[in-house]
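Trainee: Could you take me through the pockets and cavities of this protein, slowly enough for a first-year student?

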Amino acid sequence: MLKTGIPASVKNGARHSLRQNTPYLPTIRTAYHFQQLFVGRKSMEVITMKNAEMKMEKAIEALNKDFAAIRAGRANPAILDKVTVEYYGAPTPLAQVGTISVPEARTIVIQPWDASILGDIEKAILKSDVGITPNNDGKCIRLNFPPLTEERRKELAKGISKRGEEAKVAIRGVRRDALEGFKKQKKDGEITEDDLKDLETKIQKLTDKFVKEAEDAVSAKEKEIMEV
């Protein structure tokens with residue numbers, strides 16, 4: 001009869017091998033466990049810091065976008081960024097239905113590729129908060145920017161300063177949230193006291209960097225506004 005199964009010598013060898021290796025398994029698992037904790041901890045730190053940086057960057061982007069839309073007495077196509085026109089049944093940004101140029105310091109010209117939507121563009125600008133009456137000559141639309149009065153310049157400068165402070169408050173709010181997250185990680189044993197101090201230093205440097213960017217943006221826009 002043909003016998004099947006594992007030979008006794010192989011079984012005995014396997015048992016011997018298992019007995020020989022068993023004492024080392026806990027040590028291997030423990031080392032691996034700590035390695036995973038270390039990798040996970042560092043990854044969490046990086047992700048948290050990166051998220052904070054991204055949120056601060058968005059605060060600066062929003063600030064610059066708002067400043068670009070402020071009319072400073074000079075032609076700036078950015079004031080049209082939020083204006084859309086119905087084109088083939090969908091609201092479409094002006095930049096996607098024609099060319100926008102600045103032939104003179106105080107003039108913007110909108111030249112649509114399809115002249116039939118000139119009227120629609122004109123209506124869209126009138127309904128917007130651009131504050132300039134469009135001039136439709138049947139071929140293109142012109143926006144002529146009158147110079148700002150001294151009173152209006154000062155009023156805009158105050159608004160710019162206020163918007164800059166709001167951006168800095170948002171940036172510091174991101175720092176506060178990040179610090180709370182780091183402290184929670186320390187409390188949960190995910191990072192050490194030295195890690196926490198290092199992260200606090202890094203988040204402060206990051207905050208200082210973006211606060212400076214906000215202040216620079218405010219100064220540049222105020223200078224632009226006050227230039228006659």
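Mentor: Here is a walk through the empty spaces, with a stop at a pair of helices.

A word on the basics: this is a predicted model, where local features need pLDDT of at least 70 and side-chain atom pairs count only at pLDDT 80 or more, while totals for chains, interfaces and linings use all residues. Residues are numbered from 1 along each chain as its sequence is written, and side-chain values use heavy atoms, with hydrogens and water left out.

Let's begin with the idea: rolling a probe the size of a water molecule over the atoms shows where empty space is left. On a 1 Å grid over the protein atoms alone, a cavity is a set of points where a 1.4 Å probe fits but cannot get out, whereas a pocket is an open set with protein on both sides within 12 Å along at least five of seven lines; a lining residue has an atom within 4 Å of a point. Points are joined across faces, edges and corners, and a volume is the space filled by probe spheres set on them.

The largest pocket holds about 380 Å³ of space. Its lining has 15 residues, and A69, I70, R71, D129 and V130 lie nearest the centre. Sorted by class, that lining has 7 nonpolar, 2 polar and 6 charged residues (Ala, Val, Leu, Ile, Met, Phe, Trp, Tyr, Cys and Pro are nonpolar, Asp, Glu, Lys and Arg charged, and the others, Gly among them, polar). Helix α4 gives the most to this lining, with 4 residues (helices are DSSP runs of H or I with at least four residues, strands are E runs with at least two, and both are numbered from the N terminus).

Now the second largest pocket, at about 200 Å³. Among the residues lining it are K82, V83, P91 and D120. Both β1 (84-87) and α3 (118-127) give two or more residues to this lining, and α3 has the largest share, 4 residues. The classes here are 4 nonpolar, 2 polar and 5 charged.

What about closed spaces? There are 2 cavities of 30 Å³ or more. The second largest cavity, about 30 Å³, is lined by K65, A68, A69, A78, D81 and K82. That lining divides into 3 nonpolar, no polar and 3 charged residues.

Finally, back to α4 (residues 150-187): this helix packs with α5 (residues 193-226) at an angle of about 170°, with the axes 9 Å apart (axes are lines fitted to C-alpha atoms, for helices over the stretch in contact, and angles run from 0 to 180 degrees between N-to-C directions). So α4 is roughly antiparallel to α5 (over 145 degrees counts as roughly antiparallel, under 35 as roughly parallel, 65 to 115 as roughly perpendicular and the rest as oblique).
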